[in-house]
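I opened this one with a fresh page and a cup of tea. Below are my notes, in the order in which I looked things up.

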Amino acid sequence: MNWLTISRISKLGLINFWRNRWLSLASTLVMTLTLLIISLFVVMTIVINKTTDRIKSKMDITVYFKDSAKTEEISDLQQKLASRSDVQEVVYISKEEALKIWQEQQKNQRLKELITSDENPLPRSLAIKSADPENLVNIAEYLTSPDFSSIIHKISYEDNKIIIDKLLAITSFIKKLGWLLSGVFIIISILVILNTIRLAIFTRKSEVEIMRLVGASDRFIRVPFVIEGTLYGVIACFLAVIIMWIGIFVVSPLITQYLGATVAENMKSFFLAHFAAIFFLQLLVGVTVGIGCSMFSIRKYLKV
Amino acid sequence: MIELVRVSKAYSAYNNQITALDNISFKISKGEFVSIVGPSGAGKSTLIKLLICEEKPTSGKILIAGRNIVQLKSAELPYFRRKVGVVFQDFKLLPLKTVYENVAFALEVCEAYPEEIREKVPRILDLVGMIKHKDNLPDELSGGEKQRISIARALVHSPKILIADEPTGNLDPVNAAEIISLLCRINQRGTVVILATHNKIIVDQLKRRVIFLKNGKMVSDVAQGRYVI
């Protein structure tokens with residue numbers, strides 16, 4: 001195949017794409033939607049993973065002490081905990097520090113004033129961090145032993161664990177749903193594009209017939225359609241990236257509002273950092289589907 | 001040049017076997033002008049389809065230039081078709097291309113060089129008398145003119161054989177006569193012309209070889225024939 005044939009075939013493909021612009025538009029938009037949904041779920045899955053990792057790393061156990069507990073007993077426990085291999089850090093929070101944290105966290109002025117340094121019901125506590133959040137179970141178990149029940153008022157682990165487990169269950173559900181929806185949309189997209197290209201070929205049945213008649217090789221007939229299919233994929237990919245770009249910057253204030261600034265920042269930075277990967281993944285999926293559908297549809301008309 | 005040896009073609013539809021061609025054998029030599037005639041459904045179109053390898057016979061051999069075209073592989077078909085020009089009743093021109101482009105297209109798909117196209121297309125258009133219409137679209141032309149373009153396209157590969165399937169079917173008598181005389185001129189240049197028609201007047205005027213088909217069978221093969229019903 002020389003450059004002349006290549007240029008003729010490419011020209012034919014481009015002209016066909018333009019002449020069937022409405023059909024082409026339909027295929028391209030369906031492809032765009034598919035690519036958007038796939039990449040949206042990929043990005044979402046990764047952001048969710050990162051966020052849950054962060055939540056996991058923030059998980060700790062806080063032990064609240066009864067006011068009757070002696071300071072020596074607490075520092076004794078602190079030392080015992082610190083010597084454990086699975087404990088990364090044990091921080092003692094005195095009543096005064098607890099008050100300071102409370103006042104920092106409370107935005108409501110009346111609530112703030114409710115507790116003063118003279119009358120401070122906030123308990124002393126130890127914040128325990130582990131290198132691996134999985135180890136927290138063992139630490140919590142150790143703390144619940146009857147040796148310490150006389151000084152410990154409450155261990156914060158159990159409540160948190162329920163919430164975090166629920167969160168993890170939801171995220172894994174969203175992930176599965178994402179894969180499912182991506183699959184469904186790829187199938188829908190393949191069917192629509194297949195149909196569009198078949199229609200495009202059908203409307204040009206006589207053209208294909210004439211080409212065969214005057215001795216065009218199968219390749220010469222097939223490749224323009226393949227170029228059309230490729231164009232669907234390439235244009236859809238660009239559209240999808242642009243829409244995602246706009247979407248992320250429009251949606252991120254909303255995400256900040258509901259899920260916190262870190263999630264939104266995660267999403268933005270992820271998108272920017274992995275722009276090339278996202279782009280090429282979309283290009284790969286788009287072009288593969290486009291070319292595959294073209295090859296499949298034209299097959300029928302090339303049989304002898 | 002062309003030889004059919006016991007060629008039969010049957011179509012099967014819903015367990016029904018329809019025999020379109022039944023045991024046809026004949027030879028066509030170089031430079032001949034052969035009319036294939038017969039009423040509708042006689043098998044003329046089937047015979048044409050077999051000759052241009054659009055369909056394969058159920059049995060028998062079709063030898064063109066010593067080669068059995070029944071055994072052609074699908075990859076070889078385009079090269080075979082470039083050696084055989086075909087003209088149809090419905091012209092089969094591309095409506096969005098000009099006259100010049102329609103003819104040039106036949107060369108383009110065959111990987112011809114631009115110089116070759118620039119040289120050949122005007123020459124062929126001149127031969128069929130359509131050079132002044134080269135920038136018109138097919139829809140701006142009359143039926144006779146369209147058929148000339150279609151003939152020009154069939155000839156642009158300089159084929160040894162020109163097959164015309166009812167080329168005058170859509171034309172008035174005057175245009176039809178002009179097309180036939182064009183075919184005769186092409187034949188005089190040494191191209192084998194195979195003309196399938198059911199137009200009695202044309203066949204009778206031609207006074208050339210006539211193969212008469214009826215119900216898929218060859219009824220007669222006369223050297224200077226007339227359309228006898």
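Before anything else, a reminder to myself on naming: helices (H or I, at least four residues) and strands (E, at least two) are DSSP runs, numbered from the N terminus. With that in hand, I looked up Ser158(B) and found this residue in the loop between H5 and strand E7 (161-165) of chain B. I should also note that I am working with a predicted model.

**Entry 1: two loop residues with positive phi**

I kept going with Ser158(B), whose phi is positive at about 50° although the residue is not a glycine. I jotted down the background too: most residues other than glycine have a negative phi. Is Ser158(B) buried or exposed? I counted 12 other C-beta atoms within 10 Å, so Ser158(B) is exposed.

I then turned to Ala65(B), which sits in the loop between strand E4 (59-64) and strand E5 (67-68) of chain B. Its phi is near 55°, a positive value in a residue other than glycine. Ala65(B) is exposed because 12 other C-beta atoms lie within 10 Å, and a residue counts as exposed at 12 or fewer.

**Entry 2: chain B as a whole**

I tallied the secondary structure of chain B and got 7 helices and 10 strands. Of the 229 residues in chain B, 43% are buried. I also checked contacts in chain B between residues at least 6 apart in sequence, and 67% of them join residues at least 24 apart.

**Entry 3: H3(B) and its two partners**

I started with helix H3 (residues 99-108) and helix H5 (residues 143-155) of chain B, whose axes come within 8 Å and cross at roughly 25°. H3(B) is therefore roughly parallel to H5(B), since angles under 35 degrees count that way. The crossing of H3(B) past H5(B) is right-handed. Which residues of H3(B) and H5(B) make the contact? On H3(B) I listed Val99(B), Asn102(B), Val103(B) and Ala106(B), and on H5(B) Ile149(B), Ala152(B) and Arg153(B). Sorted by class, the contact of H3(B) with H5(B) has 5 nonpolar, 1 polar and 1 charged residues.

Next I took H3(B) against helix H4 (residues 114-127) of chain B, and these pack at an angle of about 130° with their axes 10 Å apart. H3(B) and H4(B) are therefore oblique to each other. Here too I noted a right-handed crossing, of H3(B) past H4(B). H3(B) brings Tyr100(B), Val103(B), Ala104(B), Leu107(B) and Glu108(B) to this contact, while H4(B) brings Glu116(B), Ile117(B), Lys120(B), Val121(B), Ile124(B) and Leu125(B). By class I get 8 nonpolar, no polar and 3 charged residues for the contact of H3(B) with H4(B). I marked Val103(B) in the margin, as this residue appears in the contact with H5(B) and in the contact with H4(B).

**Entry 4: chain A as a whole**

Chain A comes to 11 helices and 4 strands. Of its 304 residues, 27% count as buried. Among contacts in chain A between residues at least 6 apart in sequence, 84% join residues at least 24 apart.

**Entry 5: H9(A), H11(A) and H2(A)**

I picked Tyr232(A), in helix H9 (residues 218-259) of chain A. Tyr232(A) counts as buried because it has 31 C-beta neighbours inside 10 Å. Beyond its neighbours within four places in sequence, I found Tyr232(A) in contact with Ser24(A), Ser27(A), Thr28(A), Met31(A), Ile193(A) and Gly290(A). I also checked Tyr232(A) against Ala26(A): they are 206 residues apart in sequence and 9.4 Å apart in space, C-alpha to C-alpha.

Gly290(A) led me on to H11(A), where this glycine is one of the buried residues, along with others including Ile278(A), Val285(A) and Cys293(A). Helix H11 (residues 275-302) of chain A has 28 residues and reaches 40 Å from first C-alpha to last, close to the 40 Å expected.

Over in helix H2 (residues 21-58) of chain A, I looked up Ile46(A). Ile46(A) is partly exposed, with 16 other C-beta atoms within 10 Å. Met267(A) lies 221 residues from Ile46(A) in sequence and 8.7 Å away in space, C-alpha to C-alpha.

**Entry 6: where the chains meet**

Last, I looked between the chains, where 16 residues of chain A are in contact with 18 residues of chain B. Helix H1 (3-19) and helix H8 (205-213) of chain A each supply at least two residues to this side of chain A. H8(A) gives the most, with 6 residues. By class, the side of chain A that touches chain B has 8 nonpolar, 5 polar and 3 charged residues.

Note on methods: Residues numbered from 1 in each chain as written. Chains lettered and ligands numbered in written order. Predicted model: local features only at pLDDT ≥ 70, side-chain atom pairs only at ≥ 80, totals over all residues. Axes fitted to C-alpha atoms, helices over the stretch in contact; angles between N-to-C directions. Parallel < 35°, antiparallel > 145°, perpendicular 65-115°, else oblique. Left-handed = near helix turned anticlockwise from the far one by under 90°. Contact = placed C-beta atoms within 7 Å. Nonpolar A, V, L, I, M, F, W, Y, C, P; charged D, E, K, R; others polar. Buried ≥ 20, exposed ≤ 12 C-beta atoms within 10 Å, placed from the backbone. Expected span 1.5 Å × (residues − 1).
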